[in-house]
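Biologist: I am new to this structure. Please pick a single part of it and take me through that part closely.

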Amino acid sequence: MVDPQSVDGLTESGARTFLNGDGTAGVAVERDGNIVGVFKHPSNRVGYAAYDLLLNALANGGNHLDCYVLQPDVSTRNLGDIYSQLGFEPVAYLRFNREEADPDWDYASFGEPDVVMWVHNGDSVETVAERIGDYHYYSPEEIRETCKEFTDFG
């Protein structure tokens, strides 16, 4: 949702793409280790498909990503909760900017979430797989209190 990806764009950039067996979930890893294009089709009923996708991304050189982190008045569940449980730590955030938002943004469902940049802590894939659920969860408030705020992606 932060940075929509196309198959052609990923291919042209040299990103490595990975799909699950039935093509209902996937992820890409750019040359610099940026993890992008994480998706799960609604027909995929695997509860935590993102864990498998991201473990694969880590095993293939992924080491940082970004995502929206919804504010508590909108939702108590966030992608950041999944990412933190795989050893990713928030390092910076960018407040939502209506001027940069997709014209079709669903404010009623998602509000105005921060974009949070995450960096992996360096644990091995094996250690991460063993520790899922044991890493620190970061609330939106904690991210704003402890991470650097940026005003644009530039």
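Modeller: Start with strand 2, which is covered on both of its faces. On one side sit Ala-25, Val-27 and Val-29, and these are buried. On the other side sit Gly-26 and Ala-28, and they are buried too. Keep in mind that this is a predicted model.

The two groups follow a simple rule. Side chains in a regular strand alternate between the two faces of the sheet. Now take the strand as a whole. Strand 2 covers residues 25–29, and five of the five are buried, so the rest of the structure largely encloses it.

Next, look at the neighbours. Strands of a sheet pair through backbone hydrogen bonds, and the pairing is either parallel or antiparallel. Strand 1, residues 16–19, pairs with strand 2 in the antiparallel sense. Four bridges join these two strands. One of the partnerships puts Thr-17 opposite Ala-28 of strand 2. Ala-28 is also among the buried residues named above.

Strand 1 and strand 2 form a hairpin, with five residues between them. Find Gly-23 in that turn: its phi is positive, at about 75 degrees.

Now go to the other neighbour. Strand 3, residues 35–40, runs antiparallel to strand 2, and four bridges join the two. Here Ala-25 has Lys-40 of strand 3 as its bridge partner. Strand 2 and strand 3 form a hairpin as well, with five residues between the strands. In this hairpin Gly-33 takes a positive phi, near 90 degrees.

Put the strands together. They make an open sheet of three strands, in the order 1-2-3, with antiparallel pairing. Strand 1 and strand 3 are the edge strands, each pairing on one side only. From one strand to the next, the twist averages 10 degrees.

What lies across the three strands? Helix 2 does. This helix spans residues 49–59 and lies across strand 1, strand 2 and strand 3. Its direction is at about 155 degrees to that of strand 3.

Now step away from the sheet to the salt bridges. How many salt bridges does a search of the whole structure find? The search finds four. Among them is the pair Glu-149 and Arg-95, whose side chains meet at 3.1 Å, N to O. Glu-149 lies in strand 7 (residues 148–150), while Arg-95 lies in the loop between strand 5 (88–94) and helix 4 (107–110), so this pair ties together parts that are 54 residues apart in sequence. Glu-149 is partly exposed, at 37% relative accessibility. Arg-95 is partly exposed as well, with a relative accessible area of 38%.

Another salt bridge joins Asp-114 and Arg-144, with the closest N and O atoms 2.8 Å apart. Asp-114 lies in strand 6 (residues 114–120) and Arg-144 in helix 6 (residues 140–146), so the pair ties together parts that are 30 residues apart in sequence. Is Asp-114 buried or exposed? Asp-114 is buried, with a relative accessible area of 2%. Its partner Arg-144 is partly exposed, at 29%.

One more pair is Arg-131 and Asp-123, whose side chains meet in a salt bridge at 3.7 Å, N to O. Arg-131 counts as partly exposed, at 32% relative accessibility. Asp-123 is partly exposed too, with a relative accessible area of 26%.

Conventions:
Residues are numbered from 1 along each chain as its sequence is written. This is a predicted model: local features need pLDDT of at least 70, side-chain atom pairs count only at pLDDT 80 or more; totals for chains, interfaces and linings use all residues. Side-chain values use heavy atoms; hydrogens and water are left out. Buried means under 20% relative accessible area, exposed over 50%, partly exposed in between (1.4 Å probe, protein chains only). Two strands pair if DSSP finds at least two bridges between them. Axes are lines fitted to C-alpha atoms, for helices over the stretch in contact, and angles run from 0 to 180 degrees between N-to-C directions. Contact means heavy atoms within 4.5 Å.
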